[in-house]
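Here are a few exercises to work through with the model open beside you. Have a go at each one before you read the solution.

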Amino acid sequence: MTRPRMTYLSETDRQFIHEQTARVLAEVGIGYHTPSAIDLLAEAGATVDRERLTAKLPWELVERCLATCPRPVRLAARNPAHDVMLGDETLKFCTDGTGTYMYDDVTGERSEGTAADMRDVMRLFDALPEVDYTWPSISARDLDASTSGLEIEAIALANCTKHLQDEVRQPAHVRPLLEIFQAVAGGSLWDRPIFSTINCTIAPLMHEREMTEATMELVKAGVPVLILPMPLTGTTGPMSILGSCIVNMAELLSAVVLFQLAQPGCGLISGIGAASAEMRRGAYLCGTPEVALMNLICIEMSRFYGLPVTASAVTSDAKATNQQAGAEGMLTALSGALAGADSLLAFSLMDGAETVSLAKVMLDCDIVGALKRYLRDDPIDEARALVDDIVAVGIGGHFLARKSTRTLARAGELWQPRVWQREAFEHYAGRPLVSEAAERAHEIIASHEVSPLPDDVVRHIDEVIDAYARSVGAPADRVPWKDQAAQ
Amino acid sequence: MAQARITYLSEGEKQFVHEQTLRVLAEVGVAYNTPQAIELLAAAGAQVDRENLTARLGWELIEACLKTVPKRILLAGRRPVNDRVLGEWPLVATSDGMTTYMYDDLTGERRPGTADDLATLARLSDALDEIDVVWPSPMTGDVDPWTMPLVAQATMVRNSSKHVQDEVRTPEMVEPILEIYEAAVGAPLTERPYFSVTNCTIAPLQHDKEMTEAGLKLCRRGVPIFILPMPQAGTTGPMTLLGTCIVNMAELLSAVVLFQLAQPGCALISGVGSAVAEMRTGGYISAGPEIGLINLMCLEMSKRYGLLTQATGISSDAKACNFQAGSEGGMTGLVAALAGADSLIACGGLDGVQNSSLAKVILDCDSVAAIRRYLREDPIDEAKALMDDIIGVGIGGHYLGRRSTRTFSRTEVWRPASFQRGTFEEFKEKPLVQQAVERAHELLATHEVERLPDGVDRHIDDVIARWLAIPH
């Protein structure tokens, strides 16, 4: 069996990056910005500065913490049929997030995302077999800011039965969220981790106090963590791909140490958020060849450390679902897939992760389908060579009548796209690809039925959210998380 | 130095593909369909069938012929600044051809190509740095078929000073075409090969009589040959990618043998034209994961034989410059480049190479440039790690004030010519395709192709006039 494999770094190159990363951790250290983290690190032997809340990490400590990281990491789902094992050497695809705007693929206009948009998007994700697990891709900007941290997760869980991964930004959200997740999972998250959290570090070399404290609590409840450093080449990272990768890896390892000390054996996933800056404005760029190269280096280094890895992948800076979006998305996706990522972020986002397009969700599915076909393990043997057919057909003639043609065509030798247009030019007159993709998305949203949460679970979620809303003084007439039309 | 590369076949698997290819050449053989070829092969010891014009080829003969194929091939431009040496140049990119239609990116309509369209696309390719070699496209539907091949070549040399690659379909065309190119470049093509010829084999396992006879003449006159087998999995190739690759490689090696016997040491390039069929309609699918895999296998096998390669690159079956066009082209282009192709057929084709589009030429150039950036060899060392800066900036802060930021921003980060990277609002009224079309028209309005030397224009007109005077 064979499949394409990519290599970039030599053993010596990997050792060099490892040594430089270890040097940064030991010589410069990390700003953890939270006393509870500093206490854990001091106790484990790190050199800490309690005033500045920083720590320098010796390699021996990092190595010890890496040794307790599990591989693979289980990401359970509301529907157990959608459970995912990350790091089992098969490539998974997660939805990307989190966009601020919803794009109208037909008019070219965009508007701020709403709870209704989020419900549609999550239901679409539930319906698509290409989606293995999910980020809530669109912000629900009409929700009240004081409670949206809980309501977003409730909307996601009610409208999609796949594993959910998202940020938890405030420690105060941890307890109510755990109650919601446990109610949906029907028990402890140690048994069924239906939620994993995203922990973004702050480049260069810092952790955010509130998110870090929240994550430290979550790992103790069995919640896996996607660690997502995001140095930006030229602004918050140095002006080289290699240097930005070293900052990415140093931040990643600093989080590995902290969370393994907080909860030895907790599930950790290496995320790669390193990106390019548009140097005239400092804007975030995610669809560039440099991002593909940073993914490549960081995937190889994450595998070197034995961590499951999620790469930013089918991403784009394009302003519409156009040729640029396709070209950029395929470059970053193919690079991440060939480099051996365990999962790739895909589906929906463009404009530097600001804007969600339903057409792009559908078209990204074809990128995912093409990637899976490309990366499939295929035998190189007599049965596949069909030399007997070649000899029998001989010079001239054709293979249409061969039994192998019929059999293998049905067996999936050739991939069939979901939306891409492959028939005659005239067949698609008046049917632009984007319109067709958007229509397909709307059809699915209209017809797909998500298995509803049990009534008692919904009541429990309501109670948890209402109690939290009262505690923070949220308005009673705020936009509800539940779809009122469906009540 | 680090450079991204992919591998697919193990050594054992390459040996398997090699042995199966030899089995096909020895047991089935190849139809050359021309007595000229059969005489050469018989003299070299191949087992020939003079009645059916076929030959069976043994490894000894193939191996001897592979040894005389050059490892570097000059594709000369009309001017030396446009010379490209396959085997030395990092990654050569061509414009795509040969399409039938010209697509209007703004209306979505298409119409048969004309001589004016051919001139337009040749000039646009001449203006774009990303394109090294031009293929004529679209075909000139408005020109009398008898003179069309000569008019096409005349149009190419008048509208581009880059190397031209094209088919020559009949042996009678060889002399006038050579006369046009030698006049334009001012030297015999043995010295300045300003033109290379595409030789398409006919799957399964055949050569076209007229094109082959033309190829035999051309290789003796210093014209490099781009050998392009095109079996289609499921119709003219077996229904597996592996089987189709074996047919591709058998046809390739059969052409290598023939042309090396005709002119030992002649320049030959392995092309990968294998594709898959859309099984409901039998249509030609030029892009997608299967094309990426066939390219990958054939490139690895061609390299095993020591041949320089030109792969299907930024191709697409999309009907417009849309998301599908970007994705499909991105996959086939990147895969071929990662597999080490020496050249990519790249810019401008849509709808399974049926349609040419100005916007696609422009946008494909950004894909080519992005792939080149991605494949650039970069050092993994202290200087590139910027360790002093990482330590100097420390925890928090930013790198905007570092000298290295200013210095490296010019070389580390690629800047696209057309892809849109500013704010959403900045491009709200400027759809990508429209902007690409505008850029094409701006280039066409301002770019000046170096004029042919005095007298050459008249010489070319004279060649065409003499051809027209031949009773036909």
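Helices and strands here are DSSP runs, at least four residues of H or I for a helix and at least two of E for a strand, numbered from the N terminus. Keep in mind that this is a predicted model.

**Exercise 1. Find the loops in chain B that hold a cis peptide bond at Pro138(B) and at Met98(B).**

Start with Pro138(B): its cis bond is to Ser137(B), with omega at about -5 degrees. Now look at what flanks it: Pro138(B) falls in the loop between strand S10 (133-134) and helix H5 (148-159) of chain B.

Next, take Met98(B), joined to Gly97(B) by a cis peptide bond with omega of about -10 degrees. Here the loop runs between strand S7 (92-95) and strand S8 (101-103) of chain B.

**Exercise 2. Decide for Leu53(A) and Ser348(A): buried or partly exposed?**

Begin with the backbone. Leu53(A) isn't a glycine, yet its phi is positive, about 60 degrees. Ser348(A) also has a positive phi, near 100 degrees.

Then place them. Leu53(A) sits in the loop between strand S3 (47-49) and strand S4 (54-56) of chain A, while Ser348(A) is in the loop between strand S20 (343-346) and S21 of chain A.

Now count neighbours, with 20 or more other C-beta atoms within 10 Å as the cut-off for buried. Leu53(A) has 19 other C-beta atoms within 10 Å, so it is partly exposed. Ser348(A) has 32 C-beta neighbours inside 10 Å and therefore counts as buried.

**Exercise 3. Work out what surrounds Cys69(A).**

First, locate it: Cys69(A) is in the loop between helix H3 (59-67) and strand S5 (73-75) of chain A. Second, check burial: 22 other C-beta atoms lie within 10 Å, so Cys69(A) is buried. Third, list the contacts, setting aside neighbours within four places in sequence: Val256(A), Gln260(A), Leu268(A), Gly306(A) and Leu307(A). Finally, try Pro308(A): this residue is 239 residues away along the chain, but its C-alpha atom is 9.5 Å from that of Cys69(A).

**Exercise 4. How do H11(B) and H15(B) lie relative to each other?**

Take the axes first. Helix H11 (residues 358-375) and helix H15 (residues 432-446) of chain B come within 8 Å and cross at roughly 95 degrees. Angles from 65 to 115 degrees count as roughly perpendicular, so that's the verdict for H11(B) and H15(B).

Then see who touches whom: H11(B) brings Leu358(B), Ala359(B), Val361(B), Ile362(B) and Leu363(B), and H15(B) brings Val433(B), Ala436(B), Val437(B), Arg439(B) and Ala440(B). Sorted by class, that contact has nine nonpolar, no polar and one charged residues.

**Exercise 5. Trace the open sheet of chain A that ends in S9 and S21.**

Lay out the order: S9-S8-S22-S21, four strands with mixed pairing. The edges are strand S9 (110-112) and strand S21 (349-350), each pairing on one side only. At the S21(A) edge, the pairing with strand S22 (residues 355-357) is antiparallel, over two bridges. Here Met350(A) stands opposite Thr355(A).

**Exercise 6. How many residues of chain B are in contact with chain A?**

The count is 102 residues of chain B, in contact with 102 residues of chain A. Helix H10 (residues 323-338) of chain B gives the most to chain B's side, with ten residues. That side divides into 54 nonpolar, 32 polar and 16 charged residues.

Last step, the strands: S1 (residues 5-7) of chain A pairs with S1 (residues 5-7) of chain B in the antiparallel sense, over three bridges. Thr7(A) stands opposite Arg5(B).

Notes: Residues are numbered from 1 along each chain as its sequence is written. Chains are lettered from A and ligands numbered from 1 in the order in which they are written. This is a predicted model: local features need pLDDT of at least 70, side-chain atom pairs count only at pLDDT 80 or more; totals for chains, interfaces and linings use all residues. A residue is buried if 20 or more other C-beta atoms lie within 10 Å of its own, exposed if 12 or fewer, and partly exposed in between; C-beta atoms are placed from the backbone. Two residues are in contact if their C-beta atoms, placed from the backbone, lie within 7 Å. Ala, Val, Leu, Ile, Met, Phe, Trp, Tyr, Cys and Pro count as nonpolar, Asp, Glu, Lys and Arg as charged, and the others, Gly among them, as polar. Two strands pair if DSSP finds at least two bridges between them. Axes are lines fitted to C-alpha atoms, for helices over the stretch in contact, and angles run from 0 to 180 degrees between N-to-C directions. Angles under 35 degrees count as roughly parallel, over 145 as roughly antiparallel, 65 to 115 as roughly perpendicular and the rest as oblique.
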